[in-house]
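Subject: Structure for you to look at

Dear colleague,

Here is the structure I said I would pass on, with my notes set out beneath it. Please read them with the structure open beside you.

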Amino acid sequence: ALLFYWTLAFITKTIKFVKFCDNGVGFSQLRFCLTGLLVVLYGMLLAVEINVIRVRRYVFFKTPKEVKPPEDLQDLGVRFLQPFVNLLSKGTYWWMNTFIKTAHKKPIDLKTIGKLPIAMRALTNYIRLNEAFEAQKNKRSSSPQGSRSIWRALCCAFGRPLLLSSTFRILADLLGFAGPLCISGIV
């Protein structure tokens with residue numbers, strides 16, 4: 001269905017864009033620029049959809065691939081679905097609605113909370129940190145093992161998520177000043 005939708009959207013916006021070009025509508029008009037941007041966006045989304053169909057090889061191929069959901073989603077006890085939802089659901093916490101409704105109706109107990117996905121469990125993160133620490137210890141066996149080694153192991157094991165979250169935190173703090181400064185400028 002998405003392949004059909006993105007194909008039609010791409011074709012119709014391309015026709016509209018060509019008609020704008022034929023009628024002399026140029027870059028100075030916002031409609032022309034937005035239509036051109038939508039043509040590029042729909043073309044990229046169409047390419048992504050074609051690639052998904054090519055990689056997954058759905059039922060209508062001669063040799064379809066069986067696509068199994070992740071192990072965590074096969075376990076009915078896992079209720080923390082944040083790693084498996086789309087960006088909009090992550091941003092709005094829509095995936096938490098069922099849990100919030102349940103918590104509103106009756107008190108929460110450990111069974112209601114459910115299990116964490118394997119990647120977010122403490123044991124998994126301990127193993128990842130321990131492997132990074134051991135790799136660093138083996139690499140630098142001559143240097144003393146202290147707080148520096150722990151920081152290096154943390155950066156090696158969880159550097160990317162830590163960097164991303166700290167960047168967003170700094171941006172949020174800086175943007176927190178924007179509201180009062182704008183109000184002060186208006187007043």
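On the side of helix 1 that is turned away from its buried face, the exposed residues are Phe4 and Asp22. Please keep in mind, here and throughout, that this is a predicted model. The buried residues of the helix are Trp6, Ala9, Lys13 and Phe20, and because these fall within an arc of 65° when seen down the helix axis, they line one face of helix 1. Helix 1 itself covers residues 2–22, which makes 21 residues, and its first and last C-alpha atoms are 30 Å apart, close to the 30 Å expected at 1.5 Å a residue. Just after helix 1 comes glycine 24, whose phi is positive, at about 80°.

The next stretch carries an annotation, which I pass on as it is recorded: an unreviewed UniProt entry places a "transmembrane region" at residues 29–48. In the model this span is 95% helix and 0% strand, and the C-alpha atoms at its two ends lie 29 Å apart.

As for the overall layout, the protein chain is divided into domain 1 (1–56), domain 2 (75–116) and domain 3 (121–186). Taken over C-alpha atoms, the centres of domain 2 and domain 3 are separated by 26 Å.

One backbone angle deserves a look by eye, that of tyrosine 93, which has a phi near 55°, a positive value in a residue other than glycine. For context, most residues other than glycine have a negative phi. Tyrosine 93 sits in the loop that runs between helix 4 (87–92) and helix 5 (97–105), and with a relative accessible area of 52% this tyrosine counts as exposed, the cut-off being over 50%.

Turning to charged pairs, how many salt bridges does the structure hold? There are two, and I take them in turn.

The first to describe joins lysine 137 to glutamate 134, with the closest N and O atoms 3.6 Å apart. Because lysine 137 and glutamate 134 are three residues apart in helix 7 (residues 122–139), about one helical turn separates them. Lysine 137 is partly exposed at 31% relative accessibility, and glutamate 134, at 30%, is likewise classed as partly exposed.

The other is formed by the side chains of arginine 169 and aspartate 173, which meet at 2.7 Å, N to O. Both of these residues belong to helix 8 (residues 147–186), where they are four residues apart, about one turn of the helix. Arginine 169 has a relative accessible area of 49% and is partly exposed, while aspartate 173 counts as partly exposed at 40% relative accessibility.

Helix 7 and helix 8 come up again when one asks which residues make up the largest nonpolar core. That core has five residues in all, namely Ala132, Phe133, Ala153, Ala157 and Phe158. At least two of its residues are supplied by each of helix 7 and helix 8, and helix 8 gives the most, with three residues.

If you have time for a few places in the viewer, I would suggest the buried face of helix 1, the loop that holds tyrosine 93, and the nonpolar core to which helix 7 and helix 8 contribute.

With best wishes

Notes
Residues numbered from 1 in each chain as written. Predicted model: local features only at pLDDT ≥ 70, side-chain atom pairs only at ≥ 80, totals over all residues. Heavy atoms only, no water. UniProt positions renumbered as here; feature names shortened; annotations may be inferred. Expected span 1.5 Å × (residues − 1). Buried < 20%, exposed > 50% of the residue type's maximum accessible area, 1.4 Å probe, protein only. Arc of directions from axis to C-beta. Salt bridge = Lys/Arg side-chain N within 4 Å of Asp/Glu carboxyl O. Domains from an automatic or database assignment. Core = buried A, V, L, I, M, F, W, Y, C linked by side-chain atoms within 4.5 Å.
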